[in-house]
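Work through the exercises below with the sequence and the coordinates open. Try each task before reading its solution.

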Amino acid sequence: MFKNKFVLFFLVIAIAGILFYSLRGTEDYIATISEKRNEYAQNLTNEKDSPIANLSDFTGFKYFEPNVDYRIEAEFKGTSDSGKSLILMTDSTQTEFKKAGEATFLLNGENYTVSLFDEGKIYLLPFRDLTSGKETYGGGRYINIEKDKLVGDKIEIDFNNAHNFYCAYNESYICPIPPKENFIKAEIKVGEKVYK
């Protein structure tokens, strides 16, 4: 009898500990995302030629709630050549981007492969998904991925860090149109929403 009570007590303590640490981890993650969003807002507000500087109707950035399930570990395969890609821009011109490689990941039971581009200190992931033109900007969104998120052949992609291109706020800006391979046929309800 005593032995059964001890085992039951130990089990309750173990479950409580697991719940405490898993919830604490989620709270820490949400706090980190909120901090990054505040930093992004400050940087964009203070930026010279900011796309939001002269918007009379701008009341702030709108986001989906953070969801840790959209922080994904992907397989990364770098390009073996110079990796230059021509990307169509919103003014119908084409601009050359240096392709860094491809990332393959599982999302909602489906495999996707997207192109990442080398922007010097970061990788750029421009993408569209099934929320584009509805809850998010029709021209797509982007994620800046720090290069230290690539470890060996694994790279962390966190869709909670997705933002609108500048042309979402001001049509005079010229932005890249995500290439067709970066259209993700899923609703990615994290990151920034359309601002209007």
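**Exercise 1. Are Cys167 and Cys175 buried or exposed, and how are they linked?**

Solution. Start with the ground rules. This is a predicted model, in which local features need pLDDT of at least 70, side-chain atom pairs count only at pLDDT 80 or more, and totals for chains, interfaces and linings use all residues. Residues are numbered from 1 along each chain as its sequence is written, and side-chain values use heavy atoms, with hydrogens and water left out.

Step 1: burial. Both Cys167 and Cys175 are buried (under 20% relative accessible area; exposed is over 50%, partly exposed in between; 1.4 Å probe, protein chains only).

Step 2: linkage. The two cysteines form a disulfide, with 2.5 Å between their sulfur atoms. The criterion is a pair of cysteine sulfur atoms within 2.5 Å. This rule gives a count of 1 disulfide.

**Exercise 2. Lay out the secondary structure and the contact pattern.**

Solution. Step 1: count elements. The chain has 1 helix and 10 strands. These are DSSP runs numbered from the N terminus: helices are H or I with at least four residues, strands are E with at least two.

Step 2: order them. From the N terminus, the run is α-β-β-β-β-β-β-β-β-β-β.

Step 3: check range. Take contacts (heavy atoms within 4.5 Å) with a separation of 6 or more: 64% of them join residues 24 or more positions apart.

Step 4: check burial. Of the chain's 196 residues, 38% count as buried.

**Exercise 3. Classify the ring pair of Phe97 and Phe117.**

Solution. Step 1: recall the rule. Rings of Phe, Tyr and Trp (its six-membered ring) pair if their centres lie within 6.5 Å; planes under 30 degrees apart are stacked, over 60 edge-to-face, the rest tilted. The structure holds 13 such aromatic pairs.

Step 2: apply it. The centres of Phe97 and Phe117 are 5.9 Å apart and the planes stand at 70 degrees, so this pair is edge-to-face.

Step 3: place it. Phe97 belongs to strand E3 (residues 94-107) and Phe117 to strand E4 (residues 110-118); they are 20 residues apart, and the pair links distant parts of the chain.

Step 4: check burial. Phe97 has 11% relative accessibility, so it counts as buried. Phe117 is buried too, at 1%.

**Exercise 4. Which residues of the largest nonpolar core have the most contacts inside it?**

Solution. Step 1: define the set. A nonpolar core joins buried Ala, Val, Leu, Ile, Met, Phe, Trp, Tyr and Cys residues through side-chain atoms within 4.5 Å.

Step 2: list the hubs. The largest core has 24 residues, and Phe105, Leu107, Leu125, Ile155, Ile157, Phe159 and Ile184 have the most contacts inside it.

Step 3: assign elements. Strands giving two or more residues include E1 (71-78), E5 (122-129) and E8 (154-158). E3 supplies the largest share, 4 residues.

Step 4: look for another core. A second, separate one has 19 residues, including Tyr63, Phe97, Tyr137 and Phe165.

**Exercise 5. Examine Asp49 and Asn108.**

Solution. Step 1: recall the background. Most residues other than glycine have a negative phi.

Step 2: read the angles. Asp49 is not a glycine, yet its phi is positive, about 60 degrees. Asn108 also has a positive phi, near 50 degrees.

Step 3: locate them. Asp49 is in the loop between helix H1 (2-46) and E1. Asn108 is in the loop between E3 and E4.

Step 4: check exposure. Asp49 has a relative accessible area of 58%, so it is exposed. Asn108, at 58%, counts as exposed as well.
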